Amino acid sequence: MILPTKHTNLSESLLGLSGYLLTFLKAQPCSIDALWERLEEDRANGSLLYRNHTFDNVVLAIDLLYLIGKVYIDTTGKIALT
């Protein structure tokens, strides 16, 4: 689900995951693998994200952020905020 609905919580949607990934990118640009590792670490530590998102969902969330102009890929291949 891209957007939250009556039966889908924000943390289960790609929109919620995109916002969560933005918090990682505020600190520094990083690769998609580094974003995935940070998400896995947060999940292991009992993060607020209670739905287990897959790597495919992370890629789709980054695609969503790219489409709305919030991130870009720099010359080193890392994802950075615009």
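Reader: Which residue just after helix 2 takes a positive phi?
Author: This is a predicted model. Helix 2 covers residues 32-44. Just past that helix, a residue has a phi of about 80 degrees, and the residue is G46.

Reader: What elements does the protein chain hold, and in what order do they run?
Author: The protein chain has three helices and two strands. Read from the N terminus, the order is α-α-α-β-β.

Reader: What percentage of the residues of the protein chain count as buried?
Author: Buried means under 20% relative accessible area. The protein chain has 82 residues, and the share that counts as buried is 30%.

Reader: How much area does the protein chain expose, and what share do carbon and sulfur atoms supply?
Author: The exposed area of the protein chain is about 5,300 Å². Of that area, carbon and sulfur atoms supply 57%.

Reader: Of the contacts between residues at least 6 apart in sequence, what percentage join residues at least 24 apart?
Author: Contact here means heavy atoms within 4.5 Å. Take the contacts in the protein chain between residues at least 6 apart; the share joining residues at least 24 apart is 48%.

Reader: How far apart are the end C-alpha atoms of helix 1?
Author: Helix 1 runs over residues 14-27. Its 14 residues, at 1.5 Å a residue, should span 20 Å. The model agrees with that, with the end C-alpha atoms separated by 21 Å.

Reader: Which elements do the buried residues of helix 1 pack against?
Author: The buried residues of helix 1 include L14, L17, Y20 and F24. F24 counts as buried because its relative accessibility is 4%. The packing partners of the buried set are helix 2, helix 3, strand 1 and strand 2.

Reader: Are the rings of Y20 and F24 stacked or edge-to-face?
Author: The structure holds two aromatic pairs. In the pair of Y20 and F24, the ring centres are 5.4 Å apart and the planes meet at 75 degrees. Planes over 60 degrees apart count as edge-to-face. So the pair of Y20 and F24 is edge-to-face.

Reader: Why are Y20 and F24 separated by about one helical turn?
Author: Both residues sit in helix 1. They are four residues apart there, so the separation is about one helical turn.

Reader: What is the angle between the planes of W36 and F55?
Author: W36 and F55 form an edge-to-face aromatic pair. Their rings lie 5.6 Å centre to centre, and the angle between the planes is 85 degrees.

Reader: Which helices hold W36 and F55?
Author: This pair links distant parts of the chain, with its residues 19 apart. W36 is partly exposed at 23% relative accessible area. F55 is partly exposed too, at 31%. W36 lies in helix 2 and F55 in helix 3.

Reader: Is H53 buried or exposed?
Author: H53 lies in the loop between helix 2 and helix 3. Setting aside neighbours within four places in sequence, H53 contacts S11, E12, S13, L17, W36 and R43. Its relative accessible area is 3%, so H53 is buried.

Reader: Which side chain makes a polar contact of 3.2 Å with that of H53?
Author: The partner has its place in helix 3. At 16% relative accessibility, the partner counts as buried. The side chain joined to H53 at 3.2 Å is that of N57.

Reader: Which side chains meet in a salt bridge?
Author: Side chains of opposite charge can pair when their charged atoms come close. The count here is one salt bridge. Its N to O distance is 2.5 Å, and the side chains are those of E40 and R43.

Reader: How are E40 and R43 placed in helix 2?
Author: E40 is partly exposed at 29% relative accessible area. R43 is partly exposed at 23%. The two are three residues apart in helix 2, so their separation is about one helical turn.

Reader: Which residue shares a polar contact of 2.8 Å with T76?
Author: T76 lies in the loop between strand 1 and strand 2. T76 counts as exposed, at 60% relative accessibility. Its side chain has a polar contact of 2.8 Å with the side chain of D74.

Reader: What distance separates the C-alpha atoms of T76 and P29?
Author: T76 and P29 are 47 residues apart along the chain. Their C-alpha atoms are separated by 9.9 Å.

Notes
Residues are numbered from 1 along each chain as its sequence is written. This is a predicted model: local features need pLDDT of at least 70, side-chain atom pairs count only at pLDDT 80 or more; totals for chains, interfaces and linings use all residues. Side-chain values use heavy atoms; hydrogens and water are left out. Buried means under 20% relative accessible area, exposed over 50%, partly exposed in between (1.4 Å probe, protein chains only). Accessible areas come from the Shrake-Rupley method with a 1.4 Å probe; for residues, only the protein chains shown count as cover. A polar contact is a pair of N or O atoms within 3.5 Å; within protein, one must be able to donate a hydrogen and the other to accept it, and residues adjacent in sequence count only if both atoms are side-chain atoms. The expected span of a helix is 1.5 Å times one less than its number of residues. Rings of Phe, Tyr and Trp (its six-membered ring) pair if their centres lie within 6.5 Å; planes under 30 degrees apart count as stacked, over 60 as edge-to-face and the rest as tilted. A salt bridge is a side-chain nitrogen of Lys or Arg within 4 Å of a carboxyl oxygen of Asp or Glu.
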